[in-house]
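Colleague: I'm new to this one. Could you walk me through it?

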Amino acid sequence: MALTPAPAWKERPRRTTFLSFSPPAISEAEIEAVVDTLRSDWITTGPKTKRFETEFSGYIGAKAALALNSCTAGLHVALATCGIGPGDEVITTPMTFCASANVIEHVGARPVLVDVEPDTLTIDPQRVAEHITPRTKAILPVHYAGHPADMRPIMELAHEHKLYVIEDAAHSLPATYEGQNVGTIGDFTAFSFYATKNLTTAEGGMLTGSPDMMDRARVISLHGMNRDAWKRYTAEGSWYYEVVEPGFKYNMTDIQAAIGLVQLGRLEAMQARRREIVAQYNAAFSAIDALQTPTERPNVESAHHLYVLRLNLDRLKINRSAFIEQLKERQIGSSVHFIPVHLHPYYRDKYGFKPEDLPVAYAEYQRLVSLPLHPGLEDEEVLDVIAAVSEICEEYRL
Ligand SMILES: *Cc1c(COP(=O)(O)O)cnc(C)c1O
């Protein structure tokens with residue numbers, strides 16, 4: 001009988017240094033851009049922020065863009081711009097970072113959590129339909145891990161019931177849904193430039209939407225002042241402004257925009273590297289029956305922000321926590337995205353949630369592990385991750 005050769009990972013020595021989950025991809029160009037900005041006359045919101053808005057909206061094909069200090073700020077401003085407040089309901093997903101629900105609380109509205117689709121872990125349009133009431137004002141889908149939510153039925157529901165659609169696109173730069181860029185679909189789309197995201201400005205965000213809505217969003221995002229405050233100190237500016245409502249202080253700085261402009265120029269290359277790594281992971285892990293690899297539906301292009309592996313726990317002697325410990329022992333960083341919103345004490349206690357109230361989110365949560373996925377990951381490091389995961393699956397196979 002011919003012996004099948006041992007898989008390559010078996011001969012790999014274990015790592016001696018820790019592989020961190022998601023370090024930022026900052027090059028010398030970003031560092032120089034920051035230094036140049038610090039040496040210039042503008043360090044806070046100014047010409048570079050304007051240019052970043054223009055280049056970003058040009059890249060996405062959005063009609064207008066507003067640079068902010070976070071995605072959370074973008075979602076908050078969007079809700080406020082739509083006039084959503086006490087007595088209103090906003091339908092969103094439990095499979096997200098807490099910020100998506102927190103902002104709904106910030107405006108005094110009620111987040112209505114509906115369960116996700118098992119393949120993509122994005123909000124289930126069928127369940128959205130079942131939860132629309134006369135109080136519903138908006139739907140807030142999250143493009144989980146970079147994979148767009150099923151936007152066609154969501155937009156149809158919104159149209160039929162006159163609801164706003166505010167997309168949390170923290171993970172989905174750049175992504176497409178049925179050929180359309182994320183950022184050009186709903187009323188508002190909020191992107192994140194947090195340190196771990198596909199494009200970073202350390203902290204930062206961008207809101208896209210229609211020009212008239214964005215004009216109001218811009219006022220709300222900067223103290224409720226009714227003209228471009230950053231122009232006040234330039235030759236073309238004037239000292240005069242009026243406060244038309246008590247707005248927020250959410251502006252982006254030119255230091256951040258300088259980083260963002262360089263990152264935007266690098267984005268295509270960074271995305272190409274993400275896709276290579278995803279293909280390598282998929283090829284290795286789809287052969288292991290203890291693992292389920294991520295789905296990419298044929299009508300989307302994912303931004304591949306996260307590589308979320310799912311453990312087939314009935315094929316393993318260990319649970320997810322032990323799996324993560326085993327990865328750590330092999331010097332591989334990992335994470336879990338996300339602890340579903342309804343399990344957090346604030347939401348659990350305020351709305352009386354039991355874990356099983358959102359059965360798909362709860363069941364899937366218990367078997368999720370996010371592996372390192374970032375453009376700086378080298379081939380040898382990808383092989384280390386593959387070796388560690390494969391070895392754990394073999395050692396603890398049931
Ligand atoms: C990161 C993240 C946010 C928040 O982004 P910030 O820019 O840090 O405010 C919101 N939603 C999701 C799904 C995220 O992952």
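Colleague: How many helices and strands does the protein have?

Modeller: Keep in mind that this is a predicted model. Both kinds of element are present, and the count for the protein comes to 12 helices and 13 strands.

Colleague: What radius of gyration does the protein have, and what would a compact globule have?

Modeller: The chain runs to 398 residues, and a compact globule with that many would come out near 21 Å. The C-alpha atoms fill a box of roughly 85 × 55 × 35 Å along the principal axes. The protein's own value agrees with the globule figure: 22 Å.

Colleague: What share of the residues count as buried?

Modeller: Buried here means under 20% relative accessible area. Across the 398 residues of the protein, that gives 54%.

Colleague: How are helix 1 and helix 8 oriented where they pack?

Modeller: Helix 1 covers residues 28–38 and helix 8 covers residues 254–285. Their axes lie 8 Å apart, at an angle of about 150°. Angles over 145 degrees count as roughly antiparallel, so helix 1 is to helix 8 roughly antiparallel.

Colleague: Which class, nonpolar, polar or charged, has eight residues in the contact of helix 1 with helix 8?

Modeller: Helix 1 brings A29, E30, A33, V34, T37 and L38, while helix 8 brings D254, I255, A258, I259, V262, Q263 and R266. Sorted by class, two of these residues are polar and three are charged. The class with eight is nonpolar.

Colleague: Is the crossing of helix 1 and helix 8 left-handed or right-handed?

Modeller: These are the two helices that pack at about 150°. Their crossing is right-handed.

Notes. Residues are numbered from 1 along each chain as its sequence is written. This is a predicted model: local features need pLDDT of at least 70, side-chain atom pairs count only at pLDDT 80 or more; totals for chains, interfaces and linings use all residues. Side-chain values use heavy atoms; hydrogens and water are left out. Axes are lines fitted to C-alpha atoms, for helices over the stretch in contact, and angles run from 0 to 180 degrees between N-to-C directions. Helices (H or I, at least four residues) and strands (E, at least two) are DSSP runs, numbered from the N terminus. Angles under 35 degrees count as roughly parallel, over 145 as roughly antiparallel, 65 to 115 as roughly perpendicular and the rest as oblique. A crossing is left-handed if the near helix is turned anticlockwise from the far one by less than a right angle, and right-handed if clockwise. Contact means heavy atoms within 4.5 Å. Ala, Val, Leu, Ile, Met, Phe, Trp, Tyr, Cys and Pro count as nonpolar, Asp, Glu, Lys and Arg as charged, and the others, Gly among them, as polar. The radius of gyration is taken over C-alpha atoms; the globule rule is 2.2 Å times the number of residues to the power 0.38. Buried means under 20% relative accessible area, exposed over 50%, partly exposed in between (1.4 Å probe, protein chains only).
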